[in-house]
Amino acid sequence: MKTNIKNTVMKNIALIVVLISITTSCKHFNGYSIDGTIKNGDGVKVSLEDITTETPTVLDTITIRNRAFKLKNYSSKGIYRLRFGDDATRSIFLYIAPNDHIVLDGDYKQLEDYTVKGNKGSISIQQLVSISKARFTLLDSSYSKLRAATPAQKDSLLKIFTSEKKAYVDYIKDFINKEKNTDVACFALNYLGPMLQEEIPYLVDEIEKLHKSDPESKYIDGWYKQMKQYRDAMLQENEGGVALNAQAPNIILQSPGGDTIQLKNLQGNYVLLDFWASWCNPCRMENPNVVALYKKYHDKGFEVFSVSLDANAEQWKKAIAKDGLIWKNHGCDFGGWNSAPAQQYHIESIPSTYLLDKTGKVIAKNLRGEALAAKLAELFPQQAIQ
């Protein structure tokens with residue numbers, strides 16, 4: 001009998017301990033909660049996703065009822081995606097930390113105009129979304145006008161487009177510079193969008209700084225690993241040559257007519273630095289493409305600087321005439337593979353090309369055929385409108 005009473009008492013104590021534990025955990029819940037009010041969204045599933053994994057991981061899902069939904073769970077701090085339905089473009093990005101009570105208000109038909117309270121990081125993201133949308137609308141409008149412009153209008157509209165593009169990029173950079181939340185600052189890099197490729201040096205430097213400031217951030221670490229892969233690939237690609245984003249070394253040579261030509265004198269234009277030779281069949285096969293592109297874009301600021309690895313002056317001059325290489329900047333020191341420019345640029349095979357921007361920096365390497373045409377069409381978008 002005493003044993004039974006003892007067992008009963010112990011069971012009751014255990015039950016009380018469990019109840020106390022449950023009650024205490026409810027009072028001291030340290031997870032997040034999200035209360036949403038979404039017009040025109042009844043019946044739509046809302047999913048909170050971890051976007052730091054290779055494939056976004058769904059952490060929680062609920063259906064909007066009577067314009068409302070509520071999510072309550074545990075997570076580590078960071079950037080998350082709140083996806084509405086199956087379309088990933090219908091999403092709101094949030095910064096979530098333990099103990100956050102986030103309140104959302106929006107319209108399913110126009111989610112980008114949502115409002116948010118309860119977390120500074122999420123509020124910063126909302127402001128980024130709102131302001132960048134307005135600025136990008138102006139940029140997109142100016143680009144549309146440029147595409148539809150007459151030849152007489154193109155120069156002035158191009159200046160407007162370039163100015164608005166710079167203003168947009170400057171806004172994103174300023175936001176990143178001022179944002180104290182490193183995850184949110186890193187998230188803002190996404191908004192460079194189509195300008196991202198042009199901002200690779202900035203991107204690399206900024207991610208280095210953010211990773212150093214917050215090495216434990218899973219979100220920043222994802223960007224950091226991608227940048228490391230990119231840098232490793234670029235190092236491998238640029239091994240033995242002039243690196244991308246590096247200033248192209250100046251080249252001084254004699255032209256067929258005996259004049260001195262210098263690569264640096266072409267700054268202010270986009271320049272194709274082309275290493276070739278009269279005896280190089282692949283070079284000669286590529287020449288008609290370069291000629292056609294020169295004719296198309298020269299008046300808009302495209303130049304070609306050809307460096308020959310010939311050792312015979314007559315063969316070099318005959319090839320220039322036969323292939324119709326009409327640009328003025330042809331140079332050769334008749335040193336073959338041992339010529340000074342070939343050594344300077346570590347040329348190991350031809351044809352070999354460098355595409356330089358207006359300041360003389362390398363922006364692409366070994367573009368030929370359709371790849372070169374596509375890059376020039378990108379640099380001179382107005383040429384697509386005839």
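Student: What makes the pair R83 and E49 a salt bridge in this predicted model?

Tutor: The closest N and O atoms of R83 and E49 are 2.7 Å apart, and because the cut-off between a side-chain nitrogen of Lys or Arg and a carboxyl oxygen of Asp or Glu is 4 Å, the pair qualifies. The salt bridge links distant parts of the chain, since R83 belongs to strand β5 (residues 78-84) and E49 to strand β2 (residues 45-50), 34 residues apart. R81 also takes part, as E49, R81 and R83 are linked in a network of salt bridges.

Student: Why does R83 count as buried, and why does E49?

Tutor: Buried means under 20% relative accessible area. R83 has 13% relative accessibility and therefore counts as buried, and E49, with a relative accessible area of 3%, is buried as well.

Student: How do you know that K133 and E112 meet in a salt bridge?

Tutor: The N to O distance between the side chains of K133 and E112 is 3.4 Å, which lies within the 4 Å limit, so the pair is counted as a salt bridge. K133 is in helix α2 (residues 120-147), whereas E112 is in the loop between β7 and β8 (115-117), 21 residues apart. K133 also forms a salt bridge with D113, with the closest N and O atoms 3.6 Å apart, a value that is likewise within 4 Å. By this rule the count comes to 14 salt bridges.

Student: Are K133, E112 and D113 to be called buried, partly exposed or exposed, and why?

Tutor: Partly exposed is the class between the 20% and 50% limits. K133 is at 35% relative accessibility, E112 is at 34% and D113 has a relative accessible area of 43%, so each of these values falls in that class.

Student: Why are C280 and C283 said to form a disulfide, and why is the disulfide given a handedness?

Tutor: The sulfur atoms of C280 and C283 are 2.4 Å apart, and because a disulfide requires a pair of cysteine sulfur atoms within 2.5 Å, the pair meets the criterion. The torsion about the S-S bond is about 75°, so the disulfide is right-handed. By this rule the count comes to one disulfide.

Student: Are the cysteines C280, C283, C186 and C332 buried or exposed, and how do you know?

Tutor: With the buried class set at under 20% relative accessible area, C280 at 5% is buried, as is C283 at 2%. The values are 0% for C186 and 4% for C332, so these two cysteines are buried by the rule as well.

Student: What makes the contact between the side chains of S278 and D310 a polar contact?

Tutor: The contact that joins the side chains of S278 and D310 is 2.5 Å long, and because the limit for a pair of N or O atoms is 3.5 Å, this distance is within it. S278 lies in the loop between β11 (270-276) and α7 (281-297), and at 11% relative accessibility S278 counts as buried. Not counting residues up to four places away in sequence, S278 touches R284, D310, Q315, W316 and A319.

Student: How do you know that β1 pairs with β4 and with β7, and which way do the strands run?

Tutor: Pairing requires at least two bridges between the strands. Six bridges join β1 (residues 32-39) to β4 (residues 68-73), which run antiparallel, with G36 opposite F69. Seven bridges join β1 to β7, which run parallel, with S33 opposite H101. Both counts satisfy the requirement, so β1 pairs with β4 and with β7.

Student: What makes the backbone at N99 and N366, and the bond between I350 and P351, worth a remark?

Tutor: Most residues other than glycine have a negative phi, and most peptide bonds are trans. Phi is positive at N99, near 75°, and at N366, near 55°, while I350 and P351 are joined by a cis peptide bond with omega about 0°. N99 sits in the loop between β6 (91-96) and β7 (101-107) and counts as exposed at 54% relative accessibility, whereas N366, in the loop between β15 (362-365) and α10 (369-379), counts as partly exposed at 38%. P351 lies in the loop between α9 (340-344) and β14 (352-356).

Methods:
Residues are numbered from 1 along each chain as its sequence is written. This is a predicted model: local features need pLDDT of at least 70, side-chain atom pairs count only at pLDDT 80 or more; totals for chains, interfaces and linings use all residues. Side-chain values use heavy atoms; hydrogens and water are left out. Helices (H or I, at least four residues) and strands (E, at least two) are DSSP runs, numbered from the N terminus. Buried means under 20% relative accessible area, exposed over 50%, partly exposed in between (1.4 Å probe, protein chains only). A polar contact is a pair of N or O atoms within 3.5 Å; within protein, one must be able to donate a hydrogen and the other to accept it, and residues adjacent in sequence count only if both atoms are side-chain atoms. Contact means heavy atoms within 4.5 Å.
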